[in-house]
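Here is a short note to read alongside the structure, written as numbered points. Please keep the viewer open and follow along.

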Amino acid sequence: MPIKKPEFKPTPAPPGMKQEPKKPLSPAKPSKIVIPEIKTKTVRKYEPEFTKSVLDSFPQESTGPTMRYSDTELAEFKELVMKKLDTAKKELAYLQGLITRKDEMGGDDTDNRYMTMEDGSMSMEREQLSQMASRQITFIDHLEKALMRIENKTYGICRVTGKLIDKARLRAVPHATLSIEAKQTMNK
């Protein structure tokens with residue numbers, strides 16, 4: 001059975017009521033606007049934190065930090081960084097040698113041979129060595145950037161507070177760019 005759609009029929013006006021012809025809309029007459037009286041003495045703009053952007057802040061004219069380490073101290077730190085850099089590069093070369101060495105069976109991994117239980121542990125060991133080498137590369141990069149800061153005479157200045165980083169911290173972590181206070185506030 002086919003279903004019929006109902007047809008729309010305008011309903012006639014009830015008897016005794018006349019249908020008025022529609023009038024075109026005329027512009028509304030302006031009504032008087034009442035503005036409340038302001039009793040506050042100061043005005044504060046509403047600026048919630050979530051609407052602020054890094055781009056909104058205007059760069060402050062800074063002439064740089066007022067204090068820095070002396071040239072003799074920078075030379076001492078440069079010697080320390082160079083020693084750590086040499087050690088790190090030697091360790092990286094050693095790790096890369098371990099990764100690319102041939103296995104104990106005398107052939108490469110690409111040789112046609114039967115898979116043994118030891119093959120899984122070899123690939124796991126190589127993966128761990130690759131991770132260690134990757135960390136070492138990152139460490140070397142940080143040390144080289146520290147050398148650049150020594151050359152620019154900006155070494156040892158906290159990038160957050162602008163204060164000098166403690167000498168003991170720089171001796172322990174020569175590539176540090178944050179003071180202890182800044183590091184603690186970032187970790188909170």
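1. Let's begin at C158, keeping in mind that this is a predicted model. Leaving out residues up to four places away in sequence, C158 touches K163, I165, T177, L178, S179 and A182. As for its place in the fold, C158 is found in the loop between α2 and α3.

2. Is C158 buried or exposed? C158 counts as buried because its relative accessibility is 3%, and the cut-off for buried is under 20%. One further distance is handy when you look around this residue: C158 and E181 are 23 residues apart in sequence, and their C-alpha atoms are 9.6 Å apart in space.

3. Now a step back to the whole chain. The secondary structure comes to four helices and zero strands, so if you read the elements from the N terminus on, you get α-α-α-α. Of the 188 residues in the protein chain, 19% are buried. Among contacts between residues at least 6 apart in sequence, 62% join residues at least 24 apart.

4. The aromatic residues deserve a look. How many aromatic pairs does a search of the whole structure find? The search finds two. In one of them, the ring centres of Y69 and F77 lie 5.5 Å apart with the planes at 65°, so this pair is edge-to-face. Another pair is made by F77 and Y155: their ring centres are 5.3 Å apart and their planes are at 50°, so this pair counts as tilted. The F77 and Y155 pair links distant parts of the chain, with F77 in helix α1 and Y155 in the loop between α2 and α3, 78 residues apart.

5. Taken together, Y69, F77 and Y155 form one aromatic cluster. Are its members buried or exposed? Y69 counts as buried at 6% relative accessibility, F77 counts as buried at 2%, and Y155 is buried with a relative accessible area of 0%.

6. Helix α1 (residues 71-100) also holds E73. Which side chain does E73 join through a polar contact? The partner is K167, and the contact between the two side chains is 2.3 Å. E73 is buried, with a relative accessible area of 19%; the cut-off is under 20%.

7. K153 is worth a click for its backbone. K153 is not a glycine, yet its phi is positive, at about 60°. This residue lies in the loop between α2 and α3 (167-172). With a relative accessible area of 35%, K153 is partly exposed.

8. Last comes the largest pocket, which holds about 170 Å³ of space. Its lining is made of H142, K145, R149, R159, R169, V173, H175, A176, T177, L178 and K183. By class, that lining has five charged, three polar and three nonpolar residues. Which element gives the largest share of the lining? Helix α2 (residues 118-152) does, with three residues. Two of the names may ring a bell from the opening point: T177 and L178 line this pocket, and C158 touches both of these residues.

Methods:
Residues numbered from 1 in each chain as written. Predicted model: local features only at pLDDT ≥ 70, side-chain atom pairs only at ≥ 80, totals over all residues. Heavy atoms only, no water. 1 Å grid on protein atoms, 1.4 Å probe; cavity = no way out; pocket = protein on both sides within 12 Å on 5 of 7 lines; lining within 4 Å. Points joined across faces, edges and corners; volume = space filled by probe spheres on them. Helix = DSSP H or I, 4+ residues; strand = E, 2+ residues; numbered from the N terminus. Nonpolar A, V, L, I, M, F, W, Y, C, P; charged D, E, K, R; others polar. Buried < 20%, exposed > 50% of the residue type's maximum accessible area, 1.4 Å probe, protein only. Polar contact = N/O pair within 3.5 Å; in protein donor to acceptor, adjacent residues only side chain to side chain. Contact = heavy atoms within 4.5 Å. Phe/Tyr/Trp six-rings, centres within 6.5 Å; stacked < 30°, edge-to-face > 60°.
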